[in-house]
Amino acid sequence: MTIYTDVRPSPKMHTLHSSLLVDHTMGFTSSNHQLLSTIATNDQHGENSPYFDGWKAYDNDPFHPRGNPNGVIQMGLAENQLSLDLIEEWIAKNPSASICTPEGVNRFKDIANFQDYHGLPEFRTAVAKFMGRVRGGRVAFDPDRIVMGGGATGASELVVFCLADPGDAFLVPSPCYPAFDRDLRWRTGVQLLPVACKSSNNFQITRAALEEAYKNAIEANIRVKGLIITNPSNPLGTTVDKETLKSIVRFINDKNIHLVCDEIYSATVFGPPNFVGISEIIQEVDCNRDLIHIIYSLSKDLGLPGFRVGIVYSYNDAVVSCGRKMSSFGLVSSQTQHFLASLLSDEEFTERFLAENAKRIKNSHQLLTKGLAQVGIACLPSNAGLFVWMDLRSLLKEATIEGEIALWRVIIKEVKLNVSPGSSFHCVEPGWFRVCFANMDTKTMEVSLKRIREFISSKGKTENVATKKLKLRRLSFSSRMYDESSAMSPRLMSPHSPSPVVLAKTS
Ligand SMILES: Cc1ncc(COP(=O)(O)O)c(C=O)c1O
(Lines give C-alpha, C1' and ligand atoms only; values in the text may rest on other atoms or scores of the structure.)
Protein backbone atom coordinates (compact mmCIF):
# COMPACT_ATOMS: atom_id res chain seq x y z
CA MET A 1 0.00 0.00 0.00
CA THR A 2 1.22 3.47 -0.80
CA ILE A 3 1.34 5.77 2.15
CA TYR A 4 1.86 9.49 1.77
CA THR A 5 5.42 9.35 2.85
CA ASP A 6 6.74 8.61 -0.60
CA VAL A 7 7.15 12.24 -1.67
CA ARG A 8 10.59 12.60 -3.15
CA PRO A 9 12.93 14.67 -1.03
CA SER A 10 13.69 18.15 -2.26
CA PRO A 11 17.37 18.96 -1.78
CA LYS A 12 16.43 22.47 -0.81
CA MET A 13 14.17 21.33 1.97
CA HIS A 14 16.67 18.62 2.72
CA THR A 15 19.28 21.32 3.12
CA LEU A 16 17.01 23.15 5.48
CA HIS A 17 16.34 19.98 7.39
CA SER A 18 20.00 19.05 7.40
CA SER A 19 20.91 22.41 8.84
CA LEU A 20 18.35 21.85 11.56
CA LEU A 21 19.81 18.45 12.17
CA VAL A 22 23.28 19.94 12.41
CA ASP A 23 21.93 22.59 14.72
CA HIS A 24 20.24 20.23 17.05
CA THR A 25 23.11 17.79 16.92
CA MET A 26 25.24 20.68 18.03
CA GLY A 27 22.54 21.39 20.56
CA PHE A 28 23.11 18.13 22.39
CA THR A 29 24.59 18.92 25.76
CA SER A 30 26.69 16.57 27.82
CA SER A 31 23.43 15.22 29.25
CA ASN A 32 22.37 14.41 25.67
CA HIS A 33 19.57 16.94 25.82
CA GLN A 34 18.05 17.80 22.43
CA LEU A 35 17.24 21.47 22.03
CA LEU A 36 14.28 21.02 19.69
CA SER A 37 11.52 18.47 20.10
CA THR A 38 11.50 15.35 17.96
CA ILE A 39 8.04 16.28 16.68
CA ALA A 40 9.22 19.73 15.58
CA THR A 41 12.20 18.27 13.76
CA ASN A 42 10.53 15.20 12.27
CA ASP A 43 10.15 14.96 8.50
CA GLN A 44 6.37 15.01 8.48
CA HIS A 45 6.09 18.67 7.63
CA GLY A 46 5.55 17.57 4.05
CA GLU A 47 6.88 20.63 2.24
CA ASN A 48 9.36 18.46 0.37
CA SER A 49 7.49 18.30 -2.90
CA PRO A 50 7.72 19.98 -6.33
CA TYR A 51 4.52 21.84 -5.45
CA PHE A 52 6.47 23.89 -2.91
CA ASP A 53 9.64 23.91 -5.03
CA GLY A 54 7.62 25.74 -7.67
CA TRP A 55 6.78 28.48 -5.17
CA LYS A 56 10.51 28.88 -4.54
CA ALA A 57 11.17 29.11 -8.27
CA TYR A 58 8.73 32.01 -8.41
CA ASP A 59 10.18 33.65 -5.30
CA ASN A 60 13.66 33.52 -6.79
CA ASP A 61 12.68 35.13 -10.10
CA PRO A 62 9.22 36.71 -9.88
CA PHE A 63 7.61 38.00 -13.07
CA HIS A 64 6.90 41.72 -13.28
CA PRO A 65 5.56 43.22 -16.51
CA ARG A 66 8.22 45.94 -16.57
CA GLY A 67 10.70 45.14 -13.79
CA ASN A 68 11.18 41.45 -14.70
CA PRO A 69 9.22 40.59 -17.86
CA ASN A 70 11.10 37.30 -18.32
CA GLY A 71 10.55 36.14 -14.75
CA VAL A 72 8.55 33.13 -13.58
CA ILE A 73 4.77 33.62 -13.66
CA GLN A 74 3.06 32.27 -10.56
CA MET A 75 0.44 29.76 -11.69
CA GLY A 76 0.96 27.50 -8.70
CA LEU A 77 -1.03 29.43 -6.13
CA ALA A 78 -4.79 29.03 -5.76
CA GLU A 79 -5.52 32.60 -4.85
CA ASN A 80 -8.59 34.58 -5.89
CA GLN A 81 -7.66 38.17 -6.65
CA LEU A 82 -10.41 38.66 -9.22
CA SER A 83 -13.00 40.43 -7.09
CA LEU A 84 -11.12 42.26 -4.37
CA ASP A 85 -12.14 45.60 -5.91
CA LEU A 86 -15.75 44.84 -4.93
CA ILE A 87 -14.70 44.42 -1.30
CA GLU A 88 -12.65 47.62 -1.47
CA GLU A 89 -15.71 49.51 -2.72
CA TRP A 90 -17.80 48.08 0.12
CA ILE A 91 -15.17 49.12 2.68
CA ALA A 92 -15.17 52.67 1.36
CA LYS A 93 -18.96 52.84 1.62
CA ASN A 94 -19.11 51.26 5.09
CA PRO A 95 -16.53 52.98 7.28
CA SER A 96 -18.33 51.97 10.49
CA ALA A 97 -17.45 48.30 9.83
CA SER A 98 -13.89 49.09 10.84
CA ILE A 99 -12.78 50.07 14.32
CA CYS A 100 -9.99 52.16 12.79
CA THR A 101 -12.22 54.90 11.37
CA PRO A 102 -13.94 57.84 13.07
CA GLU A 103 -17.26 56.16 12.23
CA GLY A 104 -16.30 52.84 13.86
CA VAL A 105 -13.93 53.75 16.67
CA ASN A 106 -16.71 53.70 19.28
CA ARG A 107 -16.60 49.87 19.13
CA PHE A 108 -12.81 49.80 19.63
CA LYS A 109 -12.74 49.01 23.37
CA ASP A 110 -15.31 46.21 23.08
CA ILE A 111 -13.59 44.55 20.19
CA ALA A 112 -10.07 44.96 21.54
CA ASN A 113 -11.06 43.25 24.80
CA PHE A 114 -13.02 40.37 23.36
CA GLN A 115 -11.56 37.02 24.41
CA ASP A 116 -14.34 34.45 24.01
CA TYR A 117 -13.22 31.23 22.26
CA HIS A 118 -16.70 30.88 20.79
CA GLY A 119 -16.27 33.94 18.58
CA LEU A 120 -18.43 37.02 18.27
CA PRO A 121 -22.07 35.88 18.03
CA GLU A 122 -22.71 38.30 15.16
CA PHE A 123 -19.73 36.83 13.28
CA ARG A 124 -20.89 33.23 13.69
CA THR A 125 -24.42 34.20 12.69
CA ALA A 126 -23.19 36.03 9.58
CA VAL A 127 -20.91 33.15 8.53
CA ALA A 128 -23.69 30.60 9.04
CA LYS A 129 -26.06 32.69 6.87
CA PHE A 130 -23.38 33.15 4.22
CA MET A 131 -22.74 29.39 4.06
CA GLY A 132 -26.49 28.87 3.60
CA ARG A 133 -26.62 31.50 0.84
CA VAL A 134 -23.71 29.86 -1.03
CA ARG A 135 -25.81 26.67 -1.04
CA GLY A 136 -28.77 28.49 -2.56
CA GLY A 137 -30.71 28.62 0.73
CA ARG A 138 -31.40 24.88 0.48
CA VAL A 139 -29.90 24.26 3.91
CA ALA A 140 -29.50 26.26 7.13
CA PHE A 141 -26.44 26.31 9.39
CA ASP A 142 -26.55 26.69 13.14
CA PRO A 143 -24.16 29.43 14.38
CA ASP A 144 -23.64 27.41 17.57
CA ARG A 145 -21.94 24.67 15.61
CA ILE A 146 -19.32 27.01 14.16
CA VAL A 147 -15.80 26.63 15.55
CA MET A 148 -13.00 28.94 14.44
CA GLY A 149 -9.52 28.05 13.27
CA GLY A 150 -6.64 29.86 11.61
CA GLY A 151 -7.77 29.49 7.99
CA ALA A 152 -8.87 26.14 6.60
CA THR A 153 -5.32 25.03 7.43
CA GLY A 154 -5.85 25.50 11.17
CA ALA A 155 -9.45 24.30 11.02
CA SER A 156 -8.59 21.03 9.30
CA GLU A 157 -5.73 20.26 11.65
CA LEU A 158 -8.05 21.02 14.56
CA VAL A 159 -10.69 18.56 13.39
CA VAL A 160 -8.10 15.85 12.67
CA PHE A 161 -6.64 16.38 16.14
CA CYS A 162 -10.10 15.96 17.66
CA LEU A 163 -10.86 12.78 15.70
CA ALA A 164 -7.68 10.73 15.57
CA ASP A 165 -4.68 9.54 17.55
CA PRO A 166 -1.11 9.37 16.27
CA GLY A 167 -0.80 6.43 13.87
CA ASP A 168 -4.50 6.49 12.92
CA ALA A 169 -5.29 7.12 9.29
CA PHE A 170 -7.61 9.08 7.02
CA LEU A 171 -8.40 8.01 3.49
CA VAL A 172 -7.91 10.82 0.96
CA PRO A 173 -9.01 10.47 -2.66
CA SER A 174 -6.17 11.44 -4.97
CA PRO A 175 -5.30 13.69 -6.75
CA CYS A 176 -5.63 15.84 -3.64
CA TYR A 177 -4.46 19.15 -2.16
CA PRO A 178 -0.68 18.72 -1.57
CA ALA A 179 -0.56 20.72 1.65
CA PHE A 180 -2.75 18.12 3.39
CA ASP A 181 0.55 16.27 3.86
CA ARG A 182 1.92 19.30 5.64
CA ASP A 183 -1.16 20.51 7.47
CA LEU A 184 -2.71 17.32 8.73
CA ARG A 185 0.16 15.03 9.67
CA TRP A 186 2.95 17.01 11.26
CA ARG A 187 1.67 17.73 14.76
CA THR A 188 -1.11 15.14 14.91
CA GLY A 189 0.96 12.12 13.80
CA VAL A 190 -1.91 10.78 11.66
CA GLN A 191 -1.35 9.06 8.34
CA LEU A 192 -3.03 9.87 5.04
CA LEU A 193 -3.82 6.94 2.78
CA PRO A 194 -4.57 7.59 -0.89
CA VAL A 195 -7.69 6.43 -2.65
CA ALA A 196 -6.51 6.27 -6.25
CA CYS A 197 -8.87 7.99 -8.70
CA LYS A 198 -8.27 7.72 -12.45
CA SER A 199 -8.82 9.75 -15.60
CA SER A 200 -10.89 6.92 -17.16
CA ASN A 201 -13.93 8.16 -15.17
CA ASN A 202 -12.78 11.80 -14.84
CA PHE A 203 -11.18 11.05 -11.45
CA GLN A 204 -14.52 10.36 -9.76
CA ILE A 205 -14.51 8.76 -6.32
CA THR A 206 -16.01 5.26 -6.57
CA ARG A 207 -17.19 2.95 -3.83
CA ALA A 208 -14.86 0.26 -5.23
CA ALA A 209 -11.81 2.53 -4.84
CA LEU A 210 -12.86 3.46 -1.30
CA GLU A 211 -13.40 -0.20 -0.36
CA GLU A 212 -10.01 -1.16 -1.74
CA ALA A 213 -8.15 1.57 0.16
CA TYR A 214 -10.03 0.67 3.33
CA LYS A 215 -9.29 -3.04 2.93
CA ASN A 216 -5.58 -2.36 2.33
CA ALA A 217 -5.43 -0.29 5.50
CA ILE A 218 -7.14 -2.95 7.59
CA GLU A 219 -4.82 -5.62 6.20
CA ALA A 220 -1.85 -3.45 7.16
CA ASN A 221 -3.27 -3.16 10.68
CA ILE A 222 -3.91 0.56 10.35
CA ARG A 223 -6.92 2.05 12.12
CA VAL A 224 -8.93 4.16 9.67
CA LYS A 225 -10.67 7.04 11.45
CA GLY A 226 -12.15 8.81 8.47
CA LEU A 227 -12.30 9.99 4.89
CA ILE A 228 -11.35 13.51 3.81
CA ILE A 229 -12.83 14.88 0.58
CA THR A 230 -12.51 18.28 -1.07
CA ASN A 231 -15.65 19.46 -2.84
CA PRO A 232 -15.23 21.29 -5.22
CA SER A 233 -12.00 19.45 -5.81
CA ASN A 234 -8.56 20.95 -5.61
CA PRO A 235 -6.83 20.23 -8.03
CA LEU A 236 -9.55 19.02 -10.44
CA GLY A 237 -11.80 22.09 -10.36
CA THR A 238 -14.88 19.84 -10.44
CA THR A 239 -17.85 19.52 -8.13
CA VAL A 240 -18.64 16.10 -6.68
CA ASP A 241 -22.03 14.94 -7.99
CA LYS A 242 -24.96 14.09 -5.76
CA GLU A 243 -24.93 10.33 -6.36
CA THR A 244 -21.22 10.13 -5.54
CA LEU A 245 -21.77 12.13 -2.36
CA LYS A 246 -24.59 9.80 -1.33
CA SER A 247 -22.41 6.78 -1.94
CA ILE A 248 -19.60 8.36 0.11
CA VAL A 249 -21.98 8.98 3.02
CA ARG A 250 -23.21 5.37 2.86
CA PHE A 251 -19.60 4.16 2.82
CA ILE A 252 -18.49 6.10 5.90
CA ASN A 253 -21.70 5.22 7.70
CA ASP A 254 -21.26 1.49 6.98
CA LYS A 255 -17.67 1.62 8.24
CA ASN A 256 -18.54 3.94 11.15
CA ILE A 257 -15.73 6.34 10.25
CA HIS A 258 -15.76 10.15 10.01
CA LEU A 259 -16.30 12.21 6.89
CA VAL A 260 -14.47 15.54 6.71
CA CYS A 261 -15.62 17.66 3.76
CA ASP A 262 -13.39 20.54 2.80
CA GLU A 263 -15.84 22.88 1.03
CA ILE A 264 -13.65 25.96 0.83
CA TYR A 265 -14.22 26.36 -2.93
CA SER A 266 -18.02 26.19 -2.66
CA ALA A 267 -18.62 29.71 -4.02
CA THR A 268 -16.16 29.37 -6.89
CA VAL A 269 -18.62 27.27 -8.90
CA PHE A 270 -19.18 29.08 -12.20
CA GLY A 271 -21.04 26.53 -14.32
CA PRO A 272 -23.37 23.55 -14.11
CA PRO A 273 -23.85 21.31 -12.23
CA ASN A 274 -24.53 23.40 -9.12
CA PHE A 275 -22.54 22.87 -5.97
CA VAL A 276 -24.15 20.34 -3.63
CA GLY A 277 -22.74 20.39 -0.11
CA ILE A 278 -22.64 17.47 2.29
CA SER A 279 -25.17 19.25 4.52
CA GLU A 280 -27.77 18.79 1.78
CA ILE A 281 -26.91 15.13 1.28
CA ILE A 282 -27.37 14.21 4.93
CA GLN A 283 -30.92 15.56 4.70
CA GLU A 284 -31.59 12.87 2.09
CA VAL A 285 -29.45 9.93 3.21
CA ASP A 286 -29.90 8.20 6.54
CA CYS A 287 -26.63 8.41 8.44
CA ASN A 288 -25.07 9.04 11.81
CA ARG A 289 -24.58 12.81 11.74
CA ASP A 290 -21.97 12.60 14.48
CA LEU A 291 -19.63 11.45 11.74
CA ILE A 292 -20.01 14.53 9.52
CA HIS A 293 -17.75 17.61 9.64
CA ILE A 294 -17.32 20.51 7.21
CA ILE A 295 -14.23 22.67 6.75
CA TYR A 296 -14.80 26.17 5.43
CA SER A 297 -12.78 29.34 5.03
CA LEU A 298 -13.05 32.71 3.33
CA SER A 299 -9.65 32.34 1.66
CA LYS A 300 -10.98 31.26 -1.74
CA ASP A 301 -14.62 32.28 -1.96
CA LEU A 302 -13.98 35.86 -0.88
CA GLY A 303 -10.28 35.95 -1.75
CA LEU A 304 -9.20 36.75 1.82
CA PRO A 305 -6.47 34.23 2.73
CA GLY A 306 -4.65 36.91 4.70
CA PHE A 307 -7.58 37.19 7.13
CA ARG A 308 -7.01 33.57 8.23
CA VAL A 309 -10.68 32.84 8.72
CA GLY A 310 -11.21 29.10 9.03
CA ILE A 311 -14.31 27.27 10.17
CA VAL A 312 -15.09 23.80 11.40
CA TYR A 313 -18.80 23.09 11.16
CA SER A 314 -19.41 19.82 12.94
CA TYR A 315 -22.68 17.97 13.44
CA ASN A 316 -21.07 16.25 16.43
CA ASP A 317 -21.55 18.05 19.80
CA ALA A 318 -18.40 16.51 21.30
CA VAL A 319 -16.30 17.72 18.38
CA VAL A 320 -17.79 21.22 18.66
CA SER A 321 -16.97 21.39 22.33
CA CYS A 322 -13.47 19.86 22.00
CA GLY A 323 -12.83 22.11 18.96
CA ARG A 324 -13.75 25.21 20.98
CA LYS A 325 -11.04 24.40 23.50
CA MET A 326 -8.57 23.81 20.68
CA SER A 327 -9.58 26.91 18.75
CA SER A 328 -7.91 29.14 21.33
CA PHE A 329 -4.68 28.20 19.50
CA GLY A 330 -5.89 29.70 16.24
CA LEU A 331 -8.63 32.22 16.95
CA VAL A 332 -9.63 34.68 14.27
CA SER A 333 -8.84 38.16 15.54
CA SER A 334 -11.94 39.88 16.88
CA GLN A 335 -11.19 42.90 14.69
CA THR A 336 -11.47 40.64 11.63
CA GLN A 337 -14.62 39.00 13.00
CA HIS A 338 -16.19 42.40 13.61
CA PHE A 339 -15.44 43.58 10.09
CA LEU A 340 -16.65 40.37 8.43
CA ALA A 341 -19.82 40.27 10.52
CA SER A 342 -20.83 43.56 8.86
CA LEU A 343 -19.70 42.59 5.39
CA LEU A 344 -21.35 39.16 5.36
CA SER A 345 -24.59 40.49 6.89
CA ASP A 346 -25.02 42.83 3.95
CA GLU A 347 -27.20 40.51 1.90
CA GLU A 348 -27.47 42.79 -1.08
CA PHE A 349 -23.66 42.98 -1.26
CA THR A 350 -22.98 39.24 -0.79
CA GLU A 351 -25.59 38.35 -3.40
CA ARG A 352 -23.97 40.70 -5.94
CA PHE A 353 -20.44 39.62 -4.95
CA LEU A 354 -21.18 35.91 -5.38
CA ALA A 355 -22.71 36.42 -8.84
CA GLU A 356 -19.97 38.77 -10.07
CA ASN A 357 -17.16 36.67 -8.62
CA ALA A 358 -18.45 33.53 -10.35
CA LYS A 359 -18.71 35.47 -13.62
CA ARG A 360 -15.12 36.68 -13.37
CA ILE A 361 -13.80 33.22 -12.49
CA LYS A 362 -15.66 31.83 -15.49
CA ASN A 363 -14.14 34.47 -17.80
CA SER A 364 -10.58 33.77 -16.63
CA HIS A 365 -11.18 30.03 -16.87
CA GLN A 366 -12.40 30.42 -20.44
CA LEU A 367 -9.51 32.65 -21.44
CA LEU A 368 -7.05 30.04 -20.21
CA THR A 369 -8.78 26.90 -21.49
CA LYS A 370 -9.50 28.42 -24.91
CA GLY A 371 -5.90 29.62 -25.22
CA LEU A 372 -4.63 26.16 -24.30
CA ALA A 373 -7.06 24.48 -26.70
CA GLN A 374 -5.68 26.61 -29.56
CA VAL A 375 -2.35 24.84 -29.17
CA GLY A 376 -3.96 21.44 -28.72
CA ILE A 377 -3.74 21.26 -24.93
CA ALA A 378 -6.83 19.85 -23.22
CA CYS A 379 -7.93 20.22 -19.63
CA LEU A 380 -10.29 18.09 -17.56
CA PRO A 381 -13.74 19.70 -18.08
CA SER A 382 -14.36 21.74 -14.94
CA ASN A 383 -16.94 24.05 -13.42
CA ALA A 384 -15.32 25.36 -10.22
CA GLY A 385 -12.12 26.31 -8.44
CA LEU A 386 -9.34 28.72 -9.25
CA PHE A 387 -7.35 26.32 -11.47
CA VAL A 388 -7.54 23.82 -14.29
CA TRP A 389 -6.20 20.27 -14.46
CA MET A 390 -4.13 20.34 -17.64
CA ASP A 391 -3.44 17.19 -19.62
CA LEU A 392 0.15 17.11 -20.93
CA ARG A 393 0.39 13.33 -21.14
CA SER A 394 1.18 13.51 -24.84
CA LEU A 395 4.27 15.64 -24.13
CA LEU A 396 5.86 13.14 -21.76
CA LYS A 397 9.03 11.48 -22.95
CA GLU A 398 8.09 8.53 -20.79
CA ALA A 399 4.84 7.93 -18.91
CA THR A 400 6.43 7.90 -15.47
CA ILE A 401 6.72 10.31 -12.58
CA GLU A 402 10.32 10.96 -13.66
CA GLY A 403 9.03 11.86 -17.12
CA GLU A 404 6.49 14.21 -15.58
CA ILE A 405 9.08 15.90 -13.37
CA ALA A 406 11.40 16.30 -16.37
CA LEU A 407 8.66 18.08 -18.30
CA TRP A 408 7.77 20.17 -15.26
CA ARG A 409 11.39 21.26 -14.96
CA VAL A 410 11.40 22.41 -18.59
CA ILE A 411 8.18 24.36 -18.01
CA ILE A 412 9.62 26.10 -14.94
CA LYS A 413 13.11 26.76 -16.31
CA GLU A 414 12.41 27.49 -19.97
CA VAL A 415 8.77 28.50 -20.26
CA LYS A 416 9.06 30.21 -16.88
CA LEU A 417 5.63 29.21 -15.63
CA ASN A 418 5.14 27.81 -12.17
CA VAL A 419 2.53 25.14 -12.73
CA SER A 420 2.32 22.17 -10.35
CA PRO A 421 2.96 18.56 -11.42
CA GLY A 422 0.25 15.98 -10.77
CA SER A 423 2.57 13.77 -8.74
CA SER A 424 2.67 16.43 -6.03
CA PHE A 425 -1.11 15.96 -5.76
CA HIS A 426 -0.49 12.19 -5.46
CA CYS A 427 -2.06 11.65 -8.87
CA VAL A 428 -1.40 8.06 -9.93
CA GLU A 429 -1.25 8.92 -13.66
CA PRO A 430 1.75 10.96 -14.81
CA GLY A 431 1.29 13.93 -17.15
CA TRP A 432 -1.34 16.06 -15.41
CA PHE A 433 -0.54 19.56 -14.16
CA ARG A 434 -2.54 22.06 -12.09
CA VAL A 435 -2.59 25.59 -13.50
CA CYS A 436 -3.98 28.44 -11.36
CA PHE A 437 -5.55 31.39 -13.12
CA ALA A 438 -7.36 33.62 -10.61
CA ASN A 439 -4.32 35.35 -9.09
CA MET A 440 -3.49 37.32 -12.23
CA ASP A 441 -4.93 39.89 -14.57
CA THR A 442 -5.76 39.34 -18.23
CA LYS A 443 -2.47 40.76 -19.46
CA THR A 444 -0.39 38.39 -17.34
CA MET A 445 -2.58 35.53 -18.50
CA GLU A 446 -1.90 36.54 -22.10
CA VAL A 447 1.86 36.54 -21.44
CA SER A 448 1.53 33.01 -20.02
CA LEU A 449 -0.45 31.83 -23.04
CA LYS A 450 2.07 33.43 -25.42
CA ARG A 451 4.87 31.54 -23.69
CA ILE A 452 2.95 28.28 -23.93
CA ARG A 453 2.22 28.88 -27.64
CA GLU A 454 5.89 29.59 -28.33
CA PHE A 455 6.96 26.53 -26.35
CA ILE A 456 4.60 24.22 -28.21
CA SER A 457 5.44 25.64 -31.63
CA SER A 458 9.19 25.61 -30.96
CA LYS A 459 8.91 21.96 -30.05
CA GLY A 460 7.12 21.29 -33.33
CA LYS A 461 9.38 23.41 -35.56
CA THR A 462 12.88 23.35 -34.27
CA GLU A 463 13.29 20.18 -32.31
CA ASN A 464 13.53 16.93 -34.10
CA VAL A 465 12.50 13.97 -32.04
CA ALA A 466 16.08 12.97 -31.23
CA THR A 467 17.15 16.30 -29.76
CA LYS A 468 13.87 16.60 -27.90
CA LYS A 469 14.44 13.19 -26.34
CA LEU A 470 18.01 14.07 -25.44
CA LYS A 471 16.98 17.29 -23.78
CA LEU A 472 14.29 15.68 -21.68
CA ARG A 473 16.55 12.80 -20.77
CA ARG A 474 19.29 15.15 -19.66
CA LEU A 475 16.86 16.98 -17.47
CA SER A 476 15.17 13.91 -16.09
CA PHE A 477 18.34 12.41 -14.65
CA SER A 478 19.22 15.34 -12.49
CA SER A 479 18.43 14.55 -8.88
CA ARG A 480 17.47 18.16 -8.29
CA MET A 481 13.87 19.19 -8.87
CA TYR A 482 14.71 22.81 -9.26
CA ASP A 483 17.83 24.84 -9.90
CA GLU A 484 20.39 23.95 -7.25
CA SER A 485 22.00 27.35 -7.23
CA SER A 486 18.81 28.98 -6.11
CA ALA A 487 17.90 26.23 -3.73
CA MET A 488 20.14 27.00 -0.84
CA SER A 489 18.22 29.76 0.80
CA PRO A 490 17.22 28.89 4.34
CA ARG A 491 14.14 31.10 3.94
CA LEU A 492 10.94 29.57 5.21
CA MET A 493 8.36 29.08 2.57
CA SER A 494 5.25 31.08 2.23
CA PRO A 495 2.86 31.56 -0.69
CA HIS A 496 3.60 34.56 -2.89
CA SER A 497 1.70 35.77 -5.88
CA PRO A 498 1.94 39.01 -7.85
CA SER A 499 1.01 41.74 -5.38
CA PRO A 500 -2.26 43.56 -6.03
CA VAL A 501 -0.15 46.65 -6.76
CA VAL A 502 1.56 44.87 -9.65
CA LEU A 503 -1.81 43.65 -10.84
CA ALA A 504 -3.30 47.11 -10.71
CA LYS A 505 -0.38 48.62 -12.58
CA THR A 506 -0.53 46.07 -15.34
CA SER A 507 -4.25 46.30 -15.91
C1 LIG B 1 -8.46 22.21 -0.45
C2 LIG B 1 -7.79 23.26 0.40
N3 LIG B 1 -7.94 23.22 1.74
C4 LIG B 1 -7.36 24.12 2.54
C5 LIG B 1 -6.58 25.15 2.03
C6 LIG B 1 -5.97 26.15 2.97
O7 LIG B 1 -6.76 27.30 3.02
P8 LIG B 1 -6.52 28.49 4.08
O9 LIG B 1 -5.76 29.55 3.36
O10 LIG B 1 -7.90 28.97 4.45
O11 LIG B 1 -5.77 27.95 5.21
C12 LIG B 1 -6.41 25.26 0.64
C13 LIG B 1 -5.58 26.33 0.07
O14 LIG B 1 -5.13 26.27 -1.05
C15 LIG B 1 -7.03 24.29 -0.19
O16 LIG B 1 -6.90 24.34 -1.52
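In this predicted model, Phe437 touches Ser364, His365, Leu368, Leu386, Phe387, Val388 and Met445, leaving aside residues up to four places away in sequence. Phe437 itself belongs to the loop between strand S13 (432-436) and helix H15 (442-462). Although it sits in a loop, Phe437 counts as buried because 24 other C-beta atoms lie within 10 Å, and the cut-off for a buried residue is 20 or more. Phe437 also shows how the chain brings distant parts of the sequence together: Ala78 is 359 residues away in sequence, yet the two C-alpha atoms are 7.8 Å apart in space.

Attention now turns to a sheet. Strands of a sheet pair through backbone hydrogen bonds, and they may do so in a parallel or an antiparallel way. Here, seven strands form an open sheet with mixed pairing, and their order is S2-S8-S7-S6-S5-S3-S4. Strands S2 and S4 (191-196) stand at the edges with a single partner strand each, so one side of each has no neighbour in the sheet. From one strand to the next, the twist averages 25°.

Two pairs of strands illustrate the mixed pairing in this sheet. Strand S2 (residues 146-150) and strand S8 (residues 309-314) are antiparallel and are linked by five bridges; in this pair, Gly149 has Gly310 of S8 as its bridge partner. By contrast, strand S3 (residues 169-174) and strand S5 (residues 224-230) run parallel and are joined by three bridges. Phe170 finds its bridge partner in S5, namely Gly226. Edge strand S2 is nevertheless mostly covered, with four of its five residues buried.

Helices lie across this sheet as well. Helix H6 lies across S2, S3, S5, S6 (258-262), S7 (292-297) and S8, and its direction makes an angle of about 35° with S8. Helix H9 (residues 242-255) lies across S5 and S6, at about 145° to S6.

Helix H6 leads on to the ligand. With three residues, H6 (residues 151-163) gives the most to the shell around the ligand. There are 13 residues around the ligand, and those that come nearest are Gly151, Ala152, Thr153, Ser297 and Ser299. Sorted by class, the shell holds five nonpolar, seven polar and one charged residues. Helix H6 thus appears twice in this picture, lying across strands of the sheet and contributing to the shell around the ligand.

Definitions and conventions:
Residues are numbered from 1 along each chain as its sequence is written. This is a predicted model: local features need pLDDT of at least 70, side-chain atom pairs count only at pLDDT 80 or more; totals for chains, interfaces and linings use all residues. A residue is near a molecule or strand if its C-beta atom, placed from the backbone, lies within 6 Å of it. Ala, Val, Leu, Ile, Met, Phe, Trp, Tyr, Cys and Pro count as nonpolar, Asp, Glu, Lys and Arg as charged, and the others, Gly among them, as polar. A residue is buried if 20 or more other C-beta atoms lie within 10 Å of its own, exposed if 12 or fewer, and partly exposed in between; C-beta atoms are placed from the backbone. Two strands pair if DSSP finds at least two bridges between them. Axes are lines fitted to C-alpha atoms, for helices over the stretch in contact, and angles run from 0 to 180 degrees between N-to-C directions. Two residues are in contact if their C-beta atoms, placed from the backbone, lie within 7 Å.
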